[in-house]
Amino acid sequence: MVTIGGMPILWHIMKGYSAHGIHDFVVCCGYKGEVIKEYFSNYFLHTSDVTFDMQKNEMEVHSRNAEPWRVTLVDTGLETMTGGRLKRVAPYLKNETEFCFTYGDGVSNVNIAETIAFHRKHGKLATLTAVEPPGRFGVLQLDGDRIQAFREKPQGEGSWINGGFFVLHPDVIDYIEGDSTTWEKAPMENLARDGQLHAYFHDDFWQPMDTLRDRMHLEELWKSGRAPWKTW
């Protein structure tokens, strides 16, 4: 619920999916899940102009900005790990041929529709979006102590990491033992072992929000009007 441009990062992520025609969401709630529930229960209060007539105890909504979303909020436990949270929402996924799964702490301009098409084409159980992490430090090219070249914060130097934005078949839940299972460990390792995990390579914008510095960077991009993840 940390905000970028006055809106929670969860909203930014959902807007990105919605831009690709995905409007049905299941949110795995943990710590402060009640804050997320309050936000969606009063969504129009957060996004519309309203007038409160205190004497008449009435509220008038002037411009209702409704999203075409269906949002299911599921309490998945305070201490549950990432895999365990996915297993807990399995009843809401059983009728799906595939579903998207992502974290709540990063934004990207990844083409969700293309990841789904890629997933359907290879026909395996899981697709991971691979990204090159943004550089945090400038790189020096040296000849002894003489600097030959300097590059400010280059992209990930050819290394690819898990960027989230998965497309999964419901059968991946069979790889998850329980609440203590971390999705990125045994389930993903075993999917890879079984030849069921493929990578969709995204070489454009991707940015996690792990630190205050990350949030400030995203806030600056939003204020500049050049937020690369704003695809809607």
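## Overall make-up

The chain contains 7 helices and 15 strands. The model is predicted. Of the 232 residues in the chain, 39% are buried. About 13500 Å² of the chain is exposed, and carbon and sulfur atoms supply 50% of that area.

Long-range contacts come next. Take the contacts with a separation of 6 or more: residues 24 or more positions apart account for 68% of them.

## Salt bridges

Side chains of opposite charge can pair when their charged atoms come close. The whole structure holds 7 salt bridges. One of them joins Arg88 and Asp179, with the closest N and O atoms 2.5 Å apart. Arg88 sits in helix α4 and Asp179 in the loop between β13 and α6, so this pair ties together parts 91 residues apart in sequence. Arg88 has a relative accessible area of 36%, so it ranks as partly exposed. Asp179 is partly exposed too, at 33%.

Glu219 and Arg215 form a salt bridge within helix α7 (residues 212-224). Their closest N and O atoms are 3.8 Å apart. About one helical turn separates the two residues, because they are 4 residues apart in the helix. Glu219 has 13% relative accessibility, which is under 20%, so it counts as buried. Arg215 is partly exposed, with a relative accessible area of 25%.

Asp194 and Arg193 form another salt bridge, at 2.9 Å between the closest N and O atoms. Here Asp194 is partly exposed at 35% relative accessible area. Arg193 reaches 59% relative accessibility, over the 50% cut-off, and therefore counts as exposed.

## Around Thr80 and Thr182

Thr80 lies in the loop between β6 and α4. Its relative accessible area is 7%, so Thr80 is buried. A polar atom of the Thr80 side chain lies 2.5 Å from the backbone oxygen of Thr76. Setting aside residues up to four places away in sequence, Thr80 touches Arg85, Arg88 and Asp179. Two of these residues, Arg88 and Asp179, are salt-bridge partners.

Thr182 belongs to the loop between β13 (166-168) and α6 (186-193). This residue is buried, with a relative accessible area of 17%. Beyond residues up to four places away in sequence, Thr182 touches Met81, Thr82, Gly83 and Pro187.

## Val89 and Pro170

Val89 is placed in the loop between α4 (82-88) and β7 (99-101). Its relative accessibility is 3%, so Val89 counts as buried. Apart from neighbours within four places in sequence, Val89 is in contact with Val26, Cys28, Val74 and Thr76. Val89 and Val74 are 15 residues apart in sequence, with their C-alpha atoms 7.1 Å apart. Thr76, a contact of Val89, also supplies the backbone oxygen that lies 2.5 Å from the Thr80 side chain.

Pro170 is in the loop between β13 and α6. Pro170 is buried at 14% relative accessible area. Leaving out residues up to four places away in sequence, Pro170 touches Leu93, Glu96, Thr97, Glu98 and Phe99. From Pro170 to Leu125 the C-alpha distance is 8.0 Å, across 45 residues of sequence.

## Aromatic pairs

A pair of aromatic rings is described by the distance of the centres and the angle of the planes. The whole structure has 17 aromatic pairs. Tyr43 and Trp69 make a tilted one, 6.2 Å centre to centre with 55° between the planes. This pair links distant parts of the chain, 26 residues apart: Tyr43 is in helix α3 (residues 43-47), and Trp69 is in the loop between β5 and β6 (70-75). Both Tyr43 and Trp69 are buried.

Ring pairs also build a cluster. Its members are Trp11, Phe205, Trp222, Trp229 and Trp232.

## Nonpolar surface patch

Which residues form a nonpolar patch on the surface? They are Leu45, Phe52, Met54 and Met59, and together they have about 430 Å² of accessible area. Met54 is located in the loop between β4 (50-53) and β5 (58-61). At 72% relative accessible area, Met54 is exposed.

Terms used: Residues numbered from 1 in each chain as written. Predicted model: local features only at pLDDT ≥ 70, side-chain atom pairs only at ≥ 80, totals over all residues. Heavy atoms only, no water. Buried < 20%, exposed > 50% of the residue type's maximum accessible area, 1.4 Å probe, protein only. Contact = heavy atoms within 4.5 Å. Patch = residues over 30% accessible without salt bridge, like charges linked within 9 Å, V, L, I, M, F, W, Y side chains within 5 Å. Areas by Shrake-Rupley, 256 points an atom, 1.4 Å probe, with all protein chains shown as cover. Salt bridge = Lys/Arg side-chain N within 4 Å of Asp/Glu carboxyl O. Phe/Tyr/Trp six-rings, centres within 6.5 Å; stacked < 30°, edge-to-face > 60°. Polar contact = N/O pair within 3.5 Å; in protein donor to acceptor, adjacent residues only side chain to side chain.
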